Amino acid sequence: MAEMEDCEGVIATERYGSQESWKYLLKDRRMKRQKDAVDGSLAGNSISGVFKSVFLPQGYPESVSEDYLQYQLWDTVQAFSSSLSGTLATQASLRGVGVGNQEATVAAATITWLLRDGTGMLGRILFAWLKGNKLDSEAKKWRLFADILNDVAMFMEIAAPHFPPFFILIVCIAGIFKSIVGVAGGATRAALTVHQARRNNMADISAKDGSQETLVNLAGLLVSLALIPLVTDNPLLTFILFFLFTLLHLFANYKAVRSVVMETLNEARLSIVLHRYLLTGQLLSPLEANQKEPVFLSLGRTVPIKLGVRLGDIVQEPGELQLALKNNSKPYLIGIKNGTVFVCLGSDVSVHDEIMAACQALCLRNVLLSDSSLGGALKQLSNTKDPWELVSQSHKMIDQIFQTFLKELDQAKWQTDRTLLDWNEWRVEWRKKRS
């Protein structure tokens with residue numbers, strides 16, 4: 001203690017994340033706390049510090065993913081433009097139910113509103129039932145789909161007052177669309193929050209995202225107050241402004257989902273990485289694969305892959321089970337039926353086994369599509385015409401390449417301890433092939 005009192009200067013330092021750094025000085029036997037200088041100036045200032053603490057997660061930027069800031073900036077732009085479009089749609093809906101019309105009745109307006117909300121509730125339940133399990137594995141696609149559908153719904157609400165005989169029908173359909181938007185948008189936002197959270201701080205990120213959205217909506221409210229007098233009784237200007245806001249909204253949403261770099265493998269990202277690996281031997285990084293990942297829901301021709309199916313989807317007779325087990329000592333079965341690749345999982349399957357099964361299924365799909373860019377091992381598989389023989393040869397191929405492929409996935413910083421592959425819940429135990 002006496003030695004410390006005799007020496008002067010810095011005796012300790014501390015920092016708050018990467019934002020602030022402080023040092024403790026000993027001078028004249030008194031301890032003084034002083035903020036460190038960064039590049040000749042004091043680190044941070046009170047205004048920016050308060051802004052960060054209010055609107056950014058604690059520990060930013062270390063506590064979030066590297067793509068957090070870029071995504072949130074574009075998300076802010078889309079939320080602002082959506083807020084303005086929503087104002088135009090709300091004004092049109094109110095005019096359609098009779099606000100400002102002396103002949104309209106409160107009962108008629110109430111019935112219209114209840115019908116719109118009721119159909120929306122049914123739509124929400126049906127969509128969550130039919131597509132809820134897809135929202136994790138294809139979060140980017142459904143996020144963008146939700147915002148496009150939201151713009152369609154708002155356009156219908158703006159157009160509805162111009163078609164009085166069909167007003168109720170149009171607003172009910174718009175209500176269904178908006179309910180789908182609510183489910184898809186909320187669920188995919190939760191999936192993206194899981195990706196952004198690097199310290200198990202999903203609640204903090206979600207809360208700060210709510211604060212950011214509230215601030216944007218307040219700004220949109222102020223602009224809307226100036227906008228409403230201009231568009232009242234001016235349908236042409238309403239449609240022009242809505243068109244401009246919609247363009248900005250869609251562009252910002254596209255840039256937002258494009259900025260997301262997810263390190264977990266879903267079917268699209270795994271397909272991109274595996275295809276490049278088999279073609280050139282190069283393994284794409286998460287950034288490179290995410291840039292190539294499609295963000296629009298596909299309607300083109302493809303070979304479906306169904307993961308985690310019942311045994312009966314692959315095998316209809318005992319002989320087919322023996323064919324499925326040929327060259328196969330893995331805890332899963334693969335079969336090709338009616339142009340679809342089916343994967344049946346055993347009860348003791350691991351995450352690495354799931355990745356291997358998905359890789360093998362993707363290889364089979366490329367062969368069935370007769371892809372002109374097939375290379376190496378897949379080129380040899382394409383010469384096999386019998387479906388069961390094709391599956392058997394694919395087992396040999398995947399045994400040769402998978403361990404090296406998996407090792408390179410780890411080295412490229414892909415997550416291999418969990419996936420976002422769309423597995424169903426069926427798990428099967430089968431009798432091994434008789435020797």
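Okay, let's start with Arg-116. Is Arg-116 buried or exposed? Its relative accessibility is 18%, and the cut-off for buried is under 20%, so Arg-116 counts as buried. Keep in mind as I go that this is a predicted model.

Now look at the partner. Arg-116 makes a salt bridge with Asp-117, and the closest N and O atoms there are 3.6 Å apart. If salt bridges are new to you, the general idea is simple: side chains of opposite charge can pair when their charged atoms come close. Asp-117 has a relative accessible area of 31%, so Asp-117 is partly exposed. So that's a pair with a buried arginine and a partly exposed aspartate.

Let's move to another charged spot, around Glu-293. Which side chain meets Lys-140 in a salt bridge? That's Glu-293, at 3.0 Å from N to O. Find Lys-140 in helix α5, which covers residues 139–159. Glu-293 sits in the loop between α10, residues 286–292, and β6, residues 305–307. The two are 153 residues apart, and the pair links distant parts of the chain. Lys-140 and Glu-293 are both buried.

Glu-293 has another salt bridge to show you, with Arg-269, at 2.9 Å from N to O. Arg-269 belongs to helix α9, residues 267–280, and is 24 residues away from Glu-293, so here too distant parts of the chain are linked. Arg-269 is buried, just like Glu-293. And back where we began, salt bridges with shared partners tie Arg-116, Asp-117, Glu-157 and Lys-178 into one network.

How many salt bridges does the structure hold? There are 16. As for the charges overall, the protein has 45 positive side chains and 44 negative ones. The centres of those two sets lie 4 Å apart.

Okay, away from charges now. Pick out helix α8, residues 235–259, and you'll find Phe-245 there. Phe-245 has a relative accessible area of 15%, so it is buried. What does Phe-245 touch, if we skip residues up to four places away in sequence? The answer is Ser-81, Leu-84, Ser-85, Leu-88 and Leu-227. For a sense of distance, try Leu-368: it is 123 residues from Phe-245 along the chain, and their C-alpha atoms are separated by 44 Å.

Next, Ser-82, which is in helix α3, residues 68–96. Its relative accessibility is 17%, so Ser-82 counts as buried. Leaving out residues up to four places away in sequence again, Ser-82 touches Asn-150, Met-154 and His-249.

Right, let's zoom out to the whole protein. You can count 14 helices and nine strands. Why do we say the protein is more spread out than a compact globule? Because its radius of gyration is 29 Å, well over the 22 Å that the globule rule gives for 435 residues. Along the principal axes, the C-alpha trace spans about 90 × 80 × 35 Å.

How much of it is buried? Buried residues make up 45% of the 435. The exposed area of the protein is about 23,500 Å², and carbon and sulfur atoms supply 59% of that. And if you take the contacts with a separation of 6 or more, 73% of them are between residues 24 or more positions apart.

Terms used. Residues numbered from 1 in each chain as written. Predicted model: local features only at pLDDT ≥ 70, side-chain atom pairs only at ≥ 80, totals over all residues. Heavy atoms only, no water. Helix = DSSP H or I, 4+ residues; strand = E, 2+ residues; numbered from the N terminus. Rg over C-alpha atoms; globule rule 2.2 N^0.38 Å. Buried < 20%, exposed > 50% of the residue type's maximum accessible area, 1.4 Å probe, protein only. Contact = heavy atoms within 4.5 Å. Areas by Shrake-Rupley, 256 points an atom, 1.4 Å probe, with all protein chains shown as cover. Lys, Arg positive; Asp, Glu negative; His and termini not counted. Charge placed at Lys NZ, Arg CZ, Asp CG, Glu CD. Salt bridge = Lys/Arg side-chain N within 4 Å of Asp/Glu carboxyl O.
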